[in-house]
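Subject: Structure handover and findings

Dear colleague,

Please find the structure below, handed over for your own inspection. My notes on the aromatic rings and on the pocket follow it.

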Amino acid sequence: MPFATAACVALDGAVGHLIDVQADVSAGQPTVVVVGRADALLREGVDRVRMAVVNSDLRWPASKRCTVLFSPADLRKSGTHFDLAMAVSLLAADGQLEHPWLQGTAFVGELTLAGGLRPALGVLPMALAAAAAGIRRIYVPEPQAGEAAMVPGLEVVGVRSLGQAVAALSGEPPPAAPPVAAASGLRLVTWRGEERLDDLDLADLRGMEEEKYAVEVAAAGGHPVQLSGPKGCGKTSLAERIPTILPDLTAEESLELTALHSLAGVLDPGAGMVVRPPFAAPHHDASKASVIGGGSGRVHPGELSRAHGGVLFMDEFPLFRSDVIEALRQPLENGDITIARREESVTLPAGAILVLASNPCPCGNWTHSARANRCTCAETVRRAYRARMSGPIVDRIDIVRHVRPPSPASHDPFRAPDTSAVVRLRVAAARQRQRERFDGRPWRLNAHIPSPRLKDTWPLPPAAQRLIDAEMLTGRLSARGAVRVHRLAWTVADLRAVRTGREVEPDVAEVHTALRLRSGQDLDLAMFRVDPGAEGVA
């Protein structure tokens, strides 16, 4: 029968769709017709496939009419990774391969003119989509076999060339082939933040008790944070240590983040799955595409998505471009980012803890104290600088801290500071409480609870709710801010339960602390210190 089908996967952002690459080789005018909404890059693959077949000592059906359909036909397909599936389906339709060998099998890889394979971006999300669609076996370029093997229950065959793929399908010894060379657009590097961050510890910072508690709350509940203060006060040092207090990613989170890194081309397959929360700190001159995502051609995840499950630190936030600043509204609200174009709309996960840092003025020297104020900026310049923190963005920030330079008086020499390992245990325990509370629901952290469900399922006691209502009546708290304070109060309660070893739900004290965390006011340190004789995590 002059007809055969081989499976491949089309990516729509981080979501894969199984594609049937159907080939028909029949009598007629010799030509190759490609249908099924294939873009120009994919159509060019016909010439690559033809020469790869010929140079692999296989027979190209030059005297016949070849029709290749990418089904479903209404779904846009793009990329060079369809080459291997196209070649296999044409060879099978021409009778050079048996049809049963293609059942339950997907093929991913770009072909060279010599018949070799080149790596493709996004092999892991493709393998995930293939397995979800019932595919049992997948052929990929040899260096990416380990990446595809991260998907449970999927048989992975790594090959170097079209000839090796055909031999494996036919049960014959594979021919010799040179190693697969990395594609020019594929950066096989480990993307987990700078190596120097591995040696940082929260105990390195003396004093700063309120700021440390604020980032502990942010880490426990996934809340965005704004740090402001004069230059050299410790904002960057504090932000860089937040990943050290985050627990390892769960298996589901790890697979999701590793797939995003695969799609972005920053995954080292030899390093295995990403298990530690990432840290990203883009420069303030970075473009919208590099921070949010996008780029020419296929949509690529930006720093925001590559830091999913970790920390995105935006230092000198007011100096970022206005389009970058305003684009943060959706991820701050929903935990994802949608990039819409004329022919496609891609939604990518963006669940990083956003940490914004800013100076009080461009020179970074302004303080409230007239005696210590060394600011050289004009008042109009200071106002313009602060105005770049737009109201809608500020209203979406849960925790605000005005960081003050450390002083000897702010450090208790008789009390050893908590290490990152100790704080990480508390954060992990608080997150476990949230997972148990949200069991069976699509969200995992307090910061992600939808507003209607929060009020209906986990309401505050009347006395605690009156505190929030009073702030709203005075205009100091918006409706969105009231919801965020409610979420914060639950995280404060979770951490207090972990510290004390007792069951705690948010009440007046927790809401009071949440209001102060959001407004930037000083905290009552006794609220978050461990009670004498407490049985919780110290």
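A search of the whole structure, which is a predicted model, finds six aromatic pairs. One of them is formed by Phe 107 and Tyr 139, whose rings are stacked, with 5.1 Å from centre to centre and 25 degrees between the planes. Because Phe 107 belongs to strand β5 (residues 105–107) and Tyr 139 to strand β8 (residues 137–141), this pair ties together parts that are 32 residues apart in sequence. Phe 107 has a relative accessibility of 0% and therefore counts as buried, the cut-off for that class being under 20%; Tyr 139, at 4% relative accessibility, counts as buried too. Elsewhere in the chain, Phe 438, Trp 443 and Trp 458 form one aromatic cluster.

Turning to the pockets, the largest has a volume of about 1,100 Å³. It is lined by 47 residues, of which His 308, Gly 351, Trp 443, Arg 444 and His 448 are the closest to its centre; Trp 443 is thus listed both here and in the aromatic cluster. The elements that give two or more residues to this lining are α9 (251–264), α13 (329–334), β17 (353–358), α16 (420–437) and α19 (479–500). By residue class, the lining of the largest pocket divides into 22 nonpolar, eleven polar and 14 charged residues.

With best regards

Technical notes:
Residues numbered from 1 in each chain as written. Predicted model: local features only at pLDDT ≥ 70, side-chain atom pairs only at ≥ 80, totals over all residues. Heavy atoms only, no water. 1 Å grid on protein atoms, 1.4 Å probe; cavity = no way out; pocket = protein on both sides within 12 Å on 5 of 7 lines; lining within 4 Å. Points joined across faces, edges and corners; volume = space filled by probe spheres on them. Helix = DSSP H or I, 4+ residues; strand = E, 2+ residues; numbered from the N terminus. Nonpolar A, V, L, I, M, F, W, Y, C, P; charged D, E, K, R; others polar. Phe/Tyr/Trp six-rings, centres within 6.5 Å; stacked < 30°, edge-to-face > 60°. Buried < 20%, exposed > 50% of the residue type's maximum accessible area, 1.4 Å probe, protein only.
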